[in-house]
Amino acid sequence: MDNVWISEAAPAKVNLALHLRRRRADGYHDLETIFAFTDFADTLQGRASDRLVLSVEGEFASPAGQGADNLVLRAASALREATGVRAGAELRLEKRIPVAAGLGGGSADAAATLRLLNRLWRLDWPSARLETIAATLGADVAACVRSHSCLGLGRGETLADWPQSVSGTPVLLVNPRVPVPTGPVFKAWDQIDLGGIDKAAPIAALRNDMTAAAIGIAPVIGDVLAALAEGQGVSLARMSGSGATCLALYTYDAARDDAALRLAHQGWWLAATRLR
Ligand code: C5P
């Protein structure tokens, strides 16, 4: 029984909106964001072991490298420390989410680690308790523990309900294969506060305030957004997080699939999926 592998999906995170409010004295930024999650995911598997070990495979295993390793193993160590559990785990990560892409891949993996070990070690912690550990690992790890749409406040680690339902919405993720590190995009922000998120506002009326700064660093993001805005049935085209991945929402699956076909020759990374 204890040799059995158990599995947790690590859904890719998107920001349907991201409003920057101010740069804080500690160097971080206060923001308001709508987190949402997709059926497109990394997969984490684990089984009982005396040691804590991780192997990474999949399309983005190599760029993930030590970074992803560290966040999974750091999550495991943080949980072990918080619980006093002595057990280990053998972990296998299938890395499909592009790295440094605005899709929270590393955060999703860390959150999946907490959920998986919560089961494997029979801790039976409620999600809210896992979220407190998650918040020490990165700004969007707590949202990834939930992995359903919600509002992120503060640095993104304070979560609140977002009263709209987007579950099942067809979405296309497009990454021009340019890694964009988060820190420099925050630094390049013009520091103009354009206001917070009105929970009742349609998503299309909201913004990603990091877009101009990210395009300054990786101009191809502007091309991706322009390409996504064209075509039938598209209700929103927006950058996710600090880029470079952009997302488009569609009113029906065939519109998303047409857009994917239209962009297939670009050499960009594409994932046609749905919001959870
Ligand atoms: O929390 P995380 O490690 O994902 O953040 C990566 C970097 O992004 C931070 O080191 C910081 O420079 C920047 N950041 C920020 N304000 C936030 C979140 C992240 O300035 N709210």
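These entries record what I looked up in one predicted model, first for the whole chain and then for Ser-107.

**Entry 1: fold content and dimensions.** I began with the secondary structure and found eight helices and 10 strands in the chain. I then checked the radius of gyration, which is 18 Å, close to the 19 Å that the globule rule gives for 276 residues; the chain is therefore as compact as a globular protein of that length. For the extent along the principal axes, I noted that the C-alpha trace spans about 55 × 45 × 35 Å.

**Entry 2: burial and contacts.** I looked up the share of buried residues, and it is 51% of the 276 residues in the chain. Turning to contacts between residues at least 6 apart in sequence, I found that 75% of them join residues at least 24 apart.

**Entry 3: surface and charge.** I recorded an exposed area of about 11800 Å² for the chain, with 50% of it supplied by carbon and sulfur atoms. I also looked up the charges: there are 28 positive and 29 negative ones, and their mean positions are 3 Å apart.

**Entry 4: Ser-107.** I located Ser-107 in helix α2, which covers residues 105–120. Is Ser-107 buried or exposed? Its relative accessible area is 11%; this is under the 20% cut-off, so I entered Ser-107 as buried. Leaving aside residues up to four places away in sequence, I listed its neighbours in contact as Leu-71, Asp-140, Val-141 and Cys-144. With Asp-140 I found a polar contact as well, joining the two side chains at 2.5 Å.

Terms used. Residues are numbered from 1 along each chain as its sequence is written. This is a predicted model: local features need pLDDT of at least 70, side-chain atom pairs count only at pLDDT 80 or more; totals for chains, interfaces and linings use all residues. Side-chain values use heavy atoms; hydrogens and water are left out. Helices (H or I, at least four residues) and strands (E, at least two) are DSSP runs, numbered from the N terminus. The radius of gyration is taken over C-alpha atoms; the globule rule is 2.2 Å times the number of residues to the power 0.38. Buried means under 20% relative accessible area, exposed over 50%, partly exposed in between (1.4 Å probe, protein chains only). Contact means heavy atoms within 4.5 Å. Accessible areas come from the Shrake-Rupley method with a 1.4 Å probe; for residues, only the protein chains shown count as cover. Lys and Arg count as positive and Asp and Glu as negative; His and the chain ends are not counted. The place of a charge is taken as NZ of Lys, CZ of Arg, CG of Asp or CD of Glu. A polar contact is a pair of N or O atoms within 3.5 Å; within protein, one must be able to donate a hydrogen and the other to accept it, and residues adjacent in sequence count only if both atoms are side-chain atoms.
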